[in-house]
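Load the model in your viewer and keep the selection box at hand. This tour goes stop by stop: what to select, then what is there.

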Amino acid sequence: MADHEEDEFMSGSSEEEDDQFEDAAPCSPDNDPTKDKGCMEHGCDHYKRRCKLVAPCCGEVFWCRHCHNQVKDDSEQDAAKRHTMDRKQVREVVCALCDTRQPVAASCSSCGVGFGRYVCLQCNFFDDTVSKEQFHCDECGICRVGGRANFFHCSTCNCCYSTSLQGSHICVSNSMHQNCPVCCEFLFDSIRPIAVLPCGHTIHQECHREMMSHNTITCPLCLKCILSQGDAQRYWALLDQQVRAAGLFIVTMRVAYAVSSSRTALLGAAGPAGEGG
Ligand SMILES: [Zn+2]
Ligand SMILES: [Zn+2]
Ligand SMILES: [Zn+2]
Ligand SMILES: [Zn+2]
Ligand SMILES: [Zn+2]
Ligand SMILES: [Zn+2]
Ligand SMILES: [Zn+2]
Ligand SMILES: [Zn+2]
């Protein structure tokens, strides 16, 4: 994540953001060959793993909760049957190599393979793609990606944030425990990358970009300016161009706007936007 253009805004995505990671290096030759068998060869679109989960809700077997939710929630025609799976309630798994159904564990009780190179038994989470640098945050209570060393848990915001925000972000109580103001998805365990705005409020990076593309430059929650210093300069430069093209009337409007918003823009620059980006 370090190379992401919005790195200075980053909070921790929950464990499942796959898109930005390359596939893992091959399994280490030093590992126990029994345990390593089939590594990276099994799984679904969402994860490489070597066990399926027995869904605690409907008793059916799926590779992961996203696979479950696609079938049982997104595509379920009967509204009364629609439901999502709580992975923390999973009690049984099925080995992908020998098909043995068994209580949740890190490796198969029958053939001995590891169910994932990364295993979290608190989240019932298995993944062979360890290049994501998964880690479990006790305070968040879920697994996140991006490397433990790169994140800290802010107890006021109640979420893991990039260490680049440590001591320099505006804390908003439980800022991540709310829905994205644009798409309304719950942010805390969202698998999509999240931006922390200069005001401390949070939003999907994608939804943030979408807002900016419509020239919305204020936070939907508190109406403070959401531009980083660099963005603000570019924005004013763009307005200047438009002003020069359109004449005096717009000059007047632009000045009025600049006066009313310069203070929030400055506040924004002092926040997590940082100078490093
Ligand atoms: Zn179910
Ligand atoms: Zn899946
Ligand atoms: Zn097995
Ligand atoms: Zn975990
Ligand atoms: Zn955390
Ligand atoms: Zn905070
Ligand atoms: Zn969103
Ligand atoms: Zn805000």
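In the hairpin of strand 9 and strand 10, which residue takes a positive phi? Select asparagine 158: its phi is near 60°. The hairpin has four residues between the strands. Bear in mind throughout that this is a predicted model.

**Stop 1: the hairpin of strands 9 and 10**

Stay on asparagine 158. It sits in the loop between strand 9 and strand 10. The positive phi occurs here in a residue other than glycine. Is asparagine 158 buried or exposed? Neither label fits: it counts as partly exposed, because it has 17 C-beta neighbours inside 10 Å, and a buried residue would need 20 or more.

Now select both strands. They run antiparallel and are joined by four bridges. To check the register, pick histidine 153. Opposite it stands cysteine 160 in strand 10.

**Stop 2: the largest nonpolar core**

Select Cys157, Cys159, Tyr161 and Leu197. Within the largest nonpolar core, which has 23 residues, these four touch the most other members. Strand 9 (151-154), strand 10 (159-162) and strand 11 (194-196) are the elements that give two or more residues to this core.

Centre on leucine 197. What does leucine 197 touch, not counting residues up to four places away in sequence? Colour Thr202, Ile203, Cys219 and Ile226: those are its contacts.

Apart from this core lies another one. It has 21 residues, and Leu53, Val93, Cys108 and Phe126 are among them. Keep Val93 selected for the next stop.

**Stop 3: the four-stranded sheet**

Show strands 1 to 4 as a cartoon. They form an open sheet in the order 2-1-3-4, with antiparallel pairing. Strand 2 (61-62) and strand 4 (101-103) stand at the edges. Each has a single partner strand, so one side of each is left without a neighbour in the sheet.

Go inward to strand 3, residues 92-95. Which of its side chains are buried? Val93 and Cys95 are, and they point to one face. Glu92 and Val94 point to the other face and are not buried. In a regular strand, side chains alternate between the two faces of the sheet.

Next, look at the partners of strand 3:

- Strand 1 pairs with strand 3 in the antiparallel sense over three bridges. Cysteine 51 stands opposite cysteine 95.
- Strand 4 also pairs with strand 3 in the antiparallel sense, over three bridges. Glutamate 92 faces proline 103 across the pair, and valine 93 stands opposite glutamine 102.

Follow the chain from strand 3 into strand 4. The two form a hairpin with five residues between them. In the turn, select aspartate 99: its positive phi is about 70°.

**Stop 4: helix 2 and aspartate 45**

Select helix 2, residues 65-74. Its buried residues are Arg65, His66, Cys67, His68 and Lys72. What do they pack against? Display strand 2: that is their packing partner.

Keep histidine 66 and add aspartate 45. The two are 21 residues apart along the chain, yet a C-alpha distance of 9.3 Å separates them. Aspartate 45 lies in the loop between helix 1 (33-36) and strand 1 (51-54). Why does aspartate 45 count as exposed? Because 10 other C-beta atoms lie within 10 Å, and the exposed class takes 12 or fewer.

**Stop 5: glutamate 133**

Jump to the loop between strand 6 (125-127) and strand 7 (135-137), where glutamate 133 is found. Here is another positive phi in a residue other than glycine, near 55°. Glutamate 133 counts as partly exposed, because it has 16 C-beta neighbours inside 10 Å.

**Stop 6: zoom out**

Show the whole chain. It comes to five helices and 12 strands. Buried residues make up 35% of its 277 residues. Among contacts between residues at least 6 apart in sequence, 50% join residues at least 24 apart.

Finally, colour by pLDDT. The chain mean is 80, and 77% of residues reach 70 or more. Select residues 1-9: their pLDDT is below 50, and the stretch has 20 contacts in the model beyond near neighbours in sequence. Then select residues 17-24. The pLDDT is below 50 there too, with 16 such contacts. Where pLDDT is low, the predicted coordinates should not be read in detail.

How values were computed:
Residues are numbered from 1 along each chain as its sequence is written. Chains are lettered from A and ligands numbered from 1 in the order in which they are written. A nonpolar core is a set of buried Ala, Val, Leu, Ile, Met, Phe, Trp, Tyr and Cys residues joined through C-beta atoms within 7 Å. Two residues are in contact if their C-beta atoms, placed from the backbone, lie within 7 Å. Two strands pair if DSSP finds at least two bridges between them. pLDDT is the predictor's confidence in each residue, from 0 to 100.
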